[in-house]
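Hi,

Here is the structure I promised to pass on. Have a look at it first, then read my notes underneath.

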Amino acid sequence: MFFCENCKSSISSPSKVWDIVEQEDKRGTLVEFRVALLECNRCGRKSLQNLGKTKLIVIRKERWDELNEEVKLLREKVKVLEEKLELSELTYKMEMLSLEVEDLKKGKRSLEREISNLLK
Ligand SMILES: [Zn+2]
């Protein structure tokens, strides 16, 4: 929701939105501004509103491709590491469960002994 800067009545949506790219500094950083044209239905005032800005960098396509390739390799590494981690967690759980099974077996044996003593 936007408001007319003149009469303050509400404007539901801009009549036009576009982007302007400007050089921010001498080092070549670019800034993209998103600008909206607001037209008031009541008083007819037209005004521009800045909807925010984003910094842009210019990068050689070769470098961009290299970086994408690196990201791809790193993602594959992460996947392998996650699988290893999952495997070691499962191994740990399995060890814990087999200890629990051992305890249960011991419990069963002592219950069996108690029952046979009671039946004597
Ligand atoms: Zn107005």
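Start with the hairpin of β3 and β4: six residues sit between the two strands, and G28 takes a positive phi near 100° there. The hairpin of β4 and β5 is built along similar lines, with six residues between its strands and G44 at a positive phi near 85°. Do keep in mind that this is a predicted model.

Those two hairpins belong to one sheet. Three strands make it up, in the order β3-β4-β5, and the sheet is open with antiparallel pairing. Its edges are β3 (16–23) and β5 (46–56), each of which pairs on one side only. On average, neighbouring strands here are turned by 25° against each other, direction ignored. As a bit of background, strands of a sheet pair through backbone hydrogen bonds, and they can do so in a parallel or an antiparallel way.

How many bridges hold each pair of strands? For β3 and β4, which pair in the antiparallel sense, there are eight bridges. Strand β4 (residues 30–39) is joined to β5 by nine bridges, again running antiparallel. If you want one residue to click on, try F33: this residue of β4 is the bridge partner of I20, and F33 also has K53 in β5 as a bridge partner.

Now zoom out to the chain. It has five strands and one helix, and along the sequence they come in the pattern β-β-β-β-β-α. So far as domains go, the chain is divided into domain 1 (2–56) and domain 2 (59–120). Where do their C-alpha centres lie? The centres of domain 1 and domain 2 are 54 Å apart.

The overall dimensions are worth a look too. The C-alpha atoms fill a box of roughly 105 × 45 × 20 Å along the principal axes. The radius of gyration of the chain is 34 Å, whereas a compact globule of 120 residues would have one near 14 Å.

What share of the chain is buried? The figure is 0% of the 120 residues. As for contacts with a separation of 6 or more, 41% of them are between residues 24 or more positions apart.

That's what I have for now. Over to you!

Cheers

Key: Residues numbered from 1 in each chain as written. Predicted model: local features only at pLDDT ≥ 70, side-chain atom pairs only at ≥ 80, totals over all residues. Helix = DSSP H or I, 4+ residues; strand = E, 2+ residues; numbered from the N terminus. Rg over C-alpha atoms; globule rule 2.2 N^0.38 Å. Buried ≥ 20, exposed ≤ 12 C-beta atoms within 10 Å, placed from the backbone. Contact = placed C-beta atoms within 7 Å. Domains from an automatic or database assignment. Pairing = 2+ DSSP bridges. Axes fitted to C-alpha atoms, helices over the stretch in contact; angles between N-to-C directions.
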